[in-house]
Amino acid sequence: MKWQKRLTDPEVAPESFQLALSDAAGEMHGPCVTVYVWQQDLDPEFPLAVIEYVTHGDRDRMHWHDHLEVALVLEGRGAFLFGRRALPAEVGDIFFIDNSQPHVALADAGTSLRLLLVLFRPELIAGPGCRELDMGYLAPFRIDERTTSPRIRGGSTLAAEVAPVLHELRAMWERHDPAERHLADATLRGALALVNRYRGAGSTAAAVRAVADRREQIRPVLAYVDRHCRESITLGDVAEVVHVSPSRVRHVFKDVTGVSFKEYVTNVRVAESKRLLLGTDLPVAEIARAVSYTNLHQFYKVFYRSCSMSPGEYRRYYTPAGGQAAPAMAR
């Protein structure tokens with residue numbers, strides 16, 4: 001898709017990454033996490049989807065994606081994790097999730113969390129060359145997390161106004177009537193406009209763009225790490241790709257993702273090793289080499305620190321009887 005092609009296009013990445021370098025934010029705090037890329041197929045002509053999703057306990061994985069997401073909690077209790085920040089999730093809560101924002105929804109132990117998800121690409125609302133007014137619609141996603149929460153509490157006046165609009169949008173989506181596309185587009189804009197009116201963000205398009213740069217433009221670095229996790233990756237490699245200094249990459253990466261560059265690379269490699277442990281019968285030593293660990297002891301040490309069990313224990317624990325690999329978890 002055009003959006004995904006732009007994400008990985010090496011001729012676009014250097015210039016776009018540089019836009020993020022002049023505006024740094026504060027750090028988040030909390031435990032280290034593993035981040036995955038969630039690929040969602042959306043119609044290039046009308047990149048919108050409205051789906052219901054159920055997460056059970058803490059089985060889902062931290063991820064990021066190239067679309068925006070509005071999540072309405074329909075049933076259950078749990079939490080949304082945004083990088084290193086955890087927010088409670090209760091019935092009626094609404095979350096606005098930016099693209100490139102590492103996040104995951106988790107239900108309380110032994111329970112489920114049922115969500116209504118509205119997924120769309122930014123260009124549906126504000127494409128290249130759009131009006132400042134259109135860009136302003138995206139303000140609920142482009143927030144400064146130091147001062148603003150991505151959560152609207154259920155039971156609040158704003159949630160009571162926005163939730164019915166999201167249900168209306170879902171009804172349109174489920175009818176699959178192309179004649180209603182304009183109405184669906186207007187309904188989505190209406191939901192975002194309600195939030196903007198409440199937060200007074202509609203008239204701050206310049207600030208919206210500045211915050212968007214910090215997250216949107218780090219994506220080429222994330223994509224580079226995902227593509228090259230089986231190779232030796234250094235901060236210098238990434239700096240060369242995006243044509244900025246290693247120290248600048250280090251600063252902006254930590255600022256945007258909440259974890260250091262080294263932590264992120266380690267997390268991606270551990271994630272890939274987990275996939276190989278459950279999806280293949282390769283020996284642990286070969287898997288370690290596959291994810292660029294030449295020192296087997298170091299691989300065991302890193303893996304145990306991440307999972308609190310050895311690679312062999314992980315394979316035995318998560319692989320069902322009969323030798324069948326556990327199915328990949330999809331959203």
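## How the terms are set

Two strands pair if DSSP finds at least two bridges between them. Strands themselves are DSSP runs of E with at least two residues, while helices are runs of H or I with at least four, and both are numbered from the N terminus.

What you have above is a predicted model, in which local features need pLDDT of at least 70 and side-chain atom pairs count only at pLDDT 80 or more, whereas totals for chains, interfaces and linings use all residues. Residues are numbered from 1 along each chain as its sequence is written, and side-chain values use heavy atoms, with hydrogens and water left out.

## The chain as a whole

Let's start with the overview. The protein chain has 13 helices and 10 strands. Of its 331 residues, 52% count as buried; buried means under 20% relative accessible area, exposed means over 50%, and partly exposed is in between (1.4 Å probe, protein chains only).

Contacts, meaning heavy atoms within 4.5 Å, often span long stretches of sequence here: among those with a separation of 6 or more, 76% join residues 24 or more positions apart.

## A five-stranded sheet

Strands of a sheet pair through backbone hydrogen bonds, either parallel or antiparallel. In this model, an open sheet of five strands has the order S2-S9-S4-S7-S10, and the pairing is antiparallel. Its edges are S2 and S10 (151-152), each of which pairs on one side only. Helix H4 packs on this sheet and touches S2, S4, S7, S9 and S10, with a direction that makes about 110° with that of S2. For such angles, axes are lines fitted to C-alpha atoms, for helices over the stretch in contact, and values run from 0 to 180 degrees between N-to-C directions.

Strand S4 (residues 68-75) is a good place to look inside the sheet, as seven of its eight residues are buried. Seven bridges join S4 to S9 (residues 112-120), and the two run antiparallel. S4 also pairs with S7 (residues 94-97), over four bridges in the antiparallel sense. Ala71 is a handy residue to click on: it stands opposite Leu117 in S9, and it also stands opposite Phe95 in S7.

## Helix against helix

H4 has a helical partner too. H4 and H5 (residues 181-199) pack at an angle of about 170°, with their axes 9 Å apart. The two are therefore roughly antiparallel to each other, a label for angles over 145 degrees, while under 35 counts as roughly parallel, 65 to 115 as roughly perpendicular and the rest as oblique. Residues of H4 in this contact include Leu158, Val162, Val165 and Leu169, and those of H5 include Leu183, Leu188, Ala191 and Tyr198.

The residues of the contact of H4 with H5 divide into 13 nonpolar, one polar and three charged. In this scheme Ala, Val, Leu, Ile, Met, Phe, Trp, Tyr, Cys and Pro count as nonpolar, Asp, Glu, Lys and Arg as charged, and the others, Gly among them, as polar.

## Salt bridges

A salt bridge is a side-chain nitrogen of Lys or Arg within 4 Å of a carboxyl oxygen of Asp or Glu, and by this rule the count comes to 16. One of them joins the side chains of Arg170 and Glu52, at 2.6 Å from N to O. Arg170 lies in H4 (residues 157-175) and Glu52 in S2 (residues 48-56), so this pair ties together parts that are 118 residues apart in sequence. Glu52 is partly exposed, at 36% relative accessible area. Arg170 and Glu52 also belong to a network of salt bridges that links Glu52, Glu75, Arg114, Arg170 and Glu174.

Two further pairs sit elsewhere. Asp108 forms a salt bridge with Arg77, the closest N and O atoms being 3.9 Å apart. This pair links distant parts of the chain, with Asp108 in the loop between S8 (103-107) and S9, and Arg77 in the loop between S4 and S5 (78-82), 31 residues apart. Asp108 is partly exposed at 35%, and Arg77 is partly exposed at 49%. Arg59 and Asp60 meet through their side chains at 3.5 Å, N to O; here Arg59 is partly exposed at 39%, whereas Asp60 is buried at 9%.

## A closer look at Val37

Val37 is found in strand S1 (residues 36-37) and counts as partly exposed at 33% relative accessibility. Leaving aside its neighbours within four places in sequence, Val37 is in contact with Trp64 and Asp226. Val37 and Ala223 are 186 residues apart in sequence and 8.7 Å apart in space, C-alpha to C-alpha.
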